[in-house]
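Trainee: I should like a close look at one part of this model, namely the charged side chains and their salt bridges. Please set them beside the surface patches and the helices that carry them.

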Amino acid sequence: MKADADAAARRWRIASWLAAAASLALPVAAYLLQKRELDAAMHTHHGYVCGLPYLAAMLSSVVLAAVLSLAAMLCGWRAWRRLPPPRSIARTLEVAAVGAALWLLLLLAGAISALY
């Protein structure tokens with residue numbers, strides 16, 4: 001029974017780390033792909049274009065990073081809950097660290113909302 005719980009916790013922790021890695025790599029790749037397509041569209045119009053599609057590409061990448069980071073944090077929390085009660089502080093900090101992109105987005109949203 002304990003071996004099954006340990007294996008399940010290990011799987012959730014691996015899923016957490018994979019989602020955390022994806023929250024760093026996939027948004028950058030998505031932004032670069034969108035930027036390349038927007039640059040190609042700009043060259044076909046022979047001049048300047050509106051910058052809002054670039055802003056949308058950047059913001060959608062930030063939101064994608066936050067959603068993947070939230071998934072990583074939830075998977076990490078699920079693995080953390082399966083630990084025996086005296087849980088280490090390092091594992092608690094790990095759960096918070098894999099959610100770094102989400103925390104940064106919330107900090108950015110708070111700073112923007114404070115301005116308006």
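Mentor: The salt bridges come before the patches, and a buried serine and a helix distance close the account.

The model is a predicted one, in which local features need pLDDT of at least 70, side-chain atom pairs count only at pLDDT 80 or more, and totals for chains, interfaces and linings use all residues. Residues are numbered from 1 along each chain as its sequence is written, and side-chain values use heavy atoms, with hydrogens and water left out.

Side chains of opposite charge can pair when their charged atoms come close. A salt bridge here is a side-chain nitrogen of Lys or Arg within 4 Å of a carboxyl oxygen of Asp or Glu. Across the whole structure, 4 salt bridges are found.

One of them links Lys35 to Asp39, with 3.2 Å between the closest N and O atoms. Both residues belong to helix H1, 4 residues apart, about one turn of the helix. Helices are DSSP runs (H or I, at least four residues), numbered from the N terminus. Lys35 counts as partly exposed because its relative accessibility is 31%, and Asp39 is partly exposed at 22%. These classes rest on relative accessible area: buried is under 20%, exposed is over 50%, and partly exposed lies in between (1.4 Å probe, protein chains only).

Arg36 and Glu37 form another salt bridge, their closest N and O atoms being 3.8 Å apart. Arg36 is exposed, with a relative accessible area of 53%, whereas Glu37 is partly exposed at 47%.

In helix H3, Arg91 and Glu94 lie 3 residues apart, about one turn of the helix. Their salt bridge has its closest N and O atoms 3.8 Å apart. Arg91 counts as buried because its relative accessibility is 16%, and Glu94 is buried as well, at 14%. Salt bridges with shared partners join Arg13, Arg91 and Glu94 into one network.

Next come the surface patches. They are made of residues with over 30% relative accessible area and no salt bridge; like charges are joined within 9 Å, and nonpolar side chains (Val, Leu, Ile, Met, Phe, Trp, Tyr) within 5 Å. Lys and Arg count as positive and Asp and Glu as negative, while His and the chain ends are not counted. The place of a charge is taken as NZ of Lys, CZ of Arg, CG of Asp or CD of Glu. Accessible areas come from the Shrake-Rupley method with a 1.4 Å probe, and for residues only the protein chains shown count as cover.

Arg10, Arg11, Arg78 and Arg82 form a positive surface patch. Arg82 sits in the loop between helix H2 (52-81) and helix H3 (89-98), and it is partly exposed at 34% relative accessibility.

A nonpolar surface patch of about 430 Å² is made by Leu52, Leu55, Met58, Leu59 and Val62. Leu59 lies in helix H2 and is partly exposed at 45% relative accessibility. Val62, also in helix H2, is partly exposed with a relative accessible area of 31%. Between Leu59 and Ala79, 20 residues apart along the chain, the C-alpha atoms are separated by 30 Å.

Lastly, Ser23 belongs to helix H1 (residues 2-44). Ser23 counts as buried because its relative accessibility is 5%. Leaving aside neighbours within four places in sequence, Ser23 is in contact (heavy atoms within 4.5 Å) with Ala65, Leu68 and Ser69.

Key: Helices (H or I, at least four residues) and strands (E, at least two) are DSSP runs, numbered from the N terminus.
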